[in-house]
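Please open the structure in your viewer, with the sequence panel beside it, so that you can select residues by number as you read. Each stop on this tour suggests a selection and then tells you what is found there.

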Amino acid sequence: ESEPLVRKKLQEAIMEKGRTLLEFLGRGEEAIAFYDEAIARFTNADFVANILWNKGNAFLRMARYEDAIAAYDNVVARFGPEGEDVTSSLFNKAVALGSLGRGEEAIVVYDELIARFSNAGWIHSALLNKAGMFTKLGRVEEAVAAYGGIITSEYSTTYQVEEAKKA
């Protein structure tokens with residue numbers, strides 16, 4: 001029982017050190033180098049996907065979108081077809097593509113995310129971002145339809161039922 005706790009604390013320490021270097025000290029390159037060291041050291045650890053995802057996030061925050069996409073693709077290739085890190089990597093890859101002005105590619109990734117995963121939160125976020133991408137591309141009617149799809153989706157119905165149970 002102590003081994004999972006040690007592993008969890010180790011993972012938290014790695015994530016927090018990288019985040020602190022990047023967000024609080026503004027030392028992005030050092031954060032990337034640290035993530036690379038951690039990936040090399042813990043190559044076979046069950047949390048290496050999370051380290052790779054955080055490396056992608058560091059690139060994303062530094063507006064190094066191509067590097068972020070490569071990091072997210074690495075997570076998907078190594079740890080797909082499912083898992084929280086894979087889901088969030090696909091989502092952030094679409095964000096990076098959109099930031100590069102590659103809206104059509106971002107929409108394809110959002111569609112892949114929607115088709116592959118059933119987590120209502122991710123699907124709503126993907127649908128919302130997809131609708132926003134349609135708007136940016138001047139495809140306003142498709143944006144309106146996508147927003148409508150969110151409102152009428154089975155996930156919204158599930159949300160409404162869950163909220164009614166709380167009342």
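What follows is a walk through a predicted model, one selection at a time.

**Stop 1: the nonpolar core**

Begin by selecting Ile14 and Ile51, which touch the most other members of the largest nonpolar core, a set of 45 residues. To see where this core draws its residues from, colour the helices separately: helix 1 (2-24), helix 2 (28-41), helix 3 (48-61), helix 4 (65-79), helix 5 (84-99), helix 6 (103-116), helix 7 (120-136) and helix 8 (140-152) each give two or more residues to it. Helix 3 gives the most, with 7 residues. As a general background to this view, nonpolar side chains in soluble globular proteins tend to be buried together.

Now keep Ile51 selected and show what surrounds it. Which residues does Ile51 touch, if those up to four places away in sequence are not counted? They are Ile14, Met15, Tyr35, Ala38 and Ile39, so that you meet Ile14 again here, as one of the partners of Ile51.

**Stop 2: helix 5**

Next, select residues 84-99, which make up helix 5. This helix has 16 residues and reaches 22 Å from its first C-alpha to its last, which is close to the 22 Å expected at 1.5 Å a residue. If you turn on a surface, you can check how much of the helix is covered: 13 of its 16 residues are buried. After the helix comes Gly101, whose phi is positive, near 80 degrees.

Within helix 5, pick out Ser88. Is Ser88 buried or exposed? Its relative accessibility is 3%, and because buried means under 20%, Ser88 counts as buried. The side chain of Ser88 reaches the backbone oxygen of Asp85 at 3.3 Å, and, leaving aside neighbours within four places in sequence, Ser88 is in contact with Trp53 and Trp122.

Then move along helix 5 to Asn92, which also counts as buried, at 12% relative accessibility. With neighbours within four places in sequence again left aside, the residues in contact with Asn92 are Trp53, Asn57, Leu60 and Tyr72. Keep Trp53 displayed while you compare the two selections, since Trp53 is among the contacts of Ser88 and among those of Asn92.

**Stop 3: salt bridges**

Turn now to the charged side chains, for the structure holds 18 salt bridges. Select Lys55 and Asp36, whose side chains meet in one of them at 2.5 Å, N to O. This pair links distant parts of the chain, with Lys55 in helix 3 and Asp36 in helix 2, 19 residues apart. The two ends of the bridge can be described separately: Lys55 is buried, with a relative accessible area of 16%, whereas Asp36 is partly exposed, with a relative accessible area of 34%.

For another salt bridge, select Lys130 and Asp111, where the side chains meet at 2.5 Å, N to O. Lys130 lies in helix 7 and Asp111 in helix 6, so the pair ties together parts that are 19 residues apart in sequence. Here Lys130 counts as buried at 14% relative accessibility, while Asp111 is partly exposed, with a relative accessible area of 32%.

After these pairs, select Glu16, Arg19, Glu23 and Arg61 together, because they are linked in a network of salt bridges. Glu23 is found in helix 1 and is partly exposed, with a relative accessible area of 35%. If you draw a distance between the C-alpha atoms of Glu23 and Arg61, you should find them separated by 8.9 Å, although these residues are 38 residues apart along the chain.

**Stop 4: the loop between helix 3 and helix 4**

Finally, select Ala63, which lies in the loop between helix 3 and helix 4. What is the phi of Ala63? It is near 60 degrees, a positive value in a residue other than glycine. Ala63 counts as partly exposed, at 44% relative accessibility.

From there, move to Arg64, which forms a salt bridge with Asp67, the closest N and O atoms being 2.8 Å apart. Arg64 is partly exposed, with a relative accessible area of 27%, and Asp67 also counts as partly exposed, at 31% relative accessibility.

Conventions. Residues are numbered from 1 along each chain as its sequence is written. This is a predicted model: local features need pLDDT of at least 70, side-chain atom pairs count only at pLDDT 80 or more; totals for chains, interfaces and linings use all residues. Side-chain values use heavy atoms; hydrogens and water are left out. A nonpolar core is a set of buried Ala, Val, Leu, Ile, Met, Phe, Trp, Tyr and Cys residues joined through side-chain atoms within 4.5 Å. Buried means under 20% relative accessible area, exposed over 50%, partly exposed in between (1.4 Å probe, protein chains only). Helices (H or I, at least four residues) and strands (E, at least two) are DSSP runs, numbered from the N terminus. Contact means heavy atoms within 4.5 Å. A salt bridge is a side-chain nitrogen of Lys or Arg within 4 Å of a carboxyl oxygen of Asp or Glu. The expected span of a helix is 1.5 Å times one less than its number of residues. A polar contact is a pair of N or O atoms within 3.5 Å; within protein, one must be able to donate a hydrogen and the other to accept it, and residues adjacent in sequence count only if both atoms are side-chain atoms.
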